[in-house]
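Open your viewer and get the selection tool ready. We will go from stop to stop, and at each one you will hear what to select and what is there.

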Amino acid sequence: GLAFLHRGNMCCGVVGNELMVRVGPAAYVKAMSARHVRPMDFTGKPLKGFVYIIPPGIADDRELKAWVTKGVEFTLTLSAK
């Protein structure tokens, strides 16, 4: 996979053909209710605060930008590293 950092914190990445976004624990339930989203289970169990978006959910630039923005916005709540 490929990870992208903002202020030293991971905000999003690409694993296979899916986008991974760090939405944070508070936004997790809402993110999971969106179409084309599933839990991030890279380690074999879901990691709360992280989601995968399958290709149909990022089919155009507007959708991709919205998800990446969610990841960046979450990193703004964290201390810079």
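The tour starts with the sheet, moves on to the helices and loops, and ends with the charged side chains.

**Before you click**

This is a predicted model, so to speak of local features takes a pLDDT of at least 70 and side-chain atom pairs count only at pLDDT 80 or more, while totals for chains, interfaces and linings use all residues. Residues are numbered from 1 along each chain as its sequence is written, and side-chain values use heavy atoms, leaving out hydrogens and water.

**Stop 1: the sheet**

Switch to a cartoon view and find the strands (DSSP runs of E, at least two residues, numbered from the N terminus). In which order do the 5 strands form the open sheet? The order is 1-2-3-5-4, with antiparallel pairing; two strands pair if DSSP finds at least two bridges between them. At the edges you will find strand 1 and strand 4 (37-39), each of which pairs on one side only. On average, neighbouring strands here are turned by 25 degrees against each other, ignoring direction. That angle is taken between axes, which are lines fitted to C-alpha atoms (for helices over the stretch in contact), and angles run from 0 to 180 degrees between N-to-C directions. As background, strands of a sheet pair through backbone hydrogen bonds, either parallel or antiparallel.

**Stop 2: partners across the strands**

Select residues 9-15 and 18-22 together: these are strand 2 and strand 3, an antiparallel pair with 4 bridges. Now pick valine 15, whose bridge partner in strand 3 is glutamate 18. Keep glutamate 18 in mind for a later stop.

Next, move to strand 5. It is joined to strand 3 by 4 bridges, and the two run antiparallel. Methionine 20 stands opposite tyrosine 52 of strand 5. Strand 5 also pairs with strand 4, again in the antiparallel sense, over 3 bridges, and there valine 37 stands opposite isoleucine 53.

Show the side chains of strand 5. Phe50 and Tyr52 point one way, Val51 and Ile53 the other way, and all are buried (under 20% relative accessible area; exposed is over 50%, partly exposed in between, with a 1.4 Å probe and protein chains only). In a regular strand the side chains alternate between the two faces of the sheet.

**Stop 3: two helices**

Helices are DSSP runs of H or I, at least four residues. Select residues 25-32, which make up helix 1. Helix 1 packs on the sheet, touching strand 4 and strand 5 (50-53), and its direction makes about 130 degrees with that of strand 4; contact here means heavy atoms within 4.5 Å. Alanine 27 is in this helix. Then select residues 61-75 for helix 2, which lies across strand 1, strand 2, strand 3, strand 4 and strand 5 and runs at about 30 degrees to strand 3.

**Stop 4: two loop residues**

Most residues other than glycine have a negative phi. Which way does arginine 7 go, positive or negative? Its phi is positive, about 60 degrees, although arginine 7 is not a glycine. Look for arginine 7 in the loop between strand 1 and strand 2. Histidine 36 has a positive phi too, near 70 degrees, and sits in the loop between helix 1 and strand 4.

**Stop 5: salt bridges**

A salt bridge is a side-chain nitrogen of Lys or Arg within 4 Å of a carboxyl oxygen of Asp or Glu. How many salt bridges does this rule give? The count is 3.

Return to glutamate 18 and add arginine 38: they form a salt bridge, with the closest N and O atoms 2.7 Å apart. This pair links distant parts of the chain, as glutamate 18 is in strand 3 and arginine 38 is in strand 4, 20 residues apart. Glutamate 18 is buried at 13% relative accessible area, whereas arginine 38 is partly exposed at 28%. Add aspartate 41, whose side chain meets arginine 38 in a salt bridge at 3.1 Å, N to O. Glu18, Arg38 and Asp41 are thus linked in a network of salt bridges.

For the last selection, show arginine 62 and aspartate 60, a salt bridge with the closest N and O atoms 3.9 Å apart. Arginine 62 counts as exposed at 62% relative accessibility, and aspartate 60 is partly exposed at 33%.
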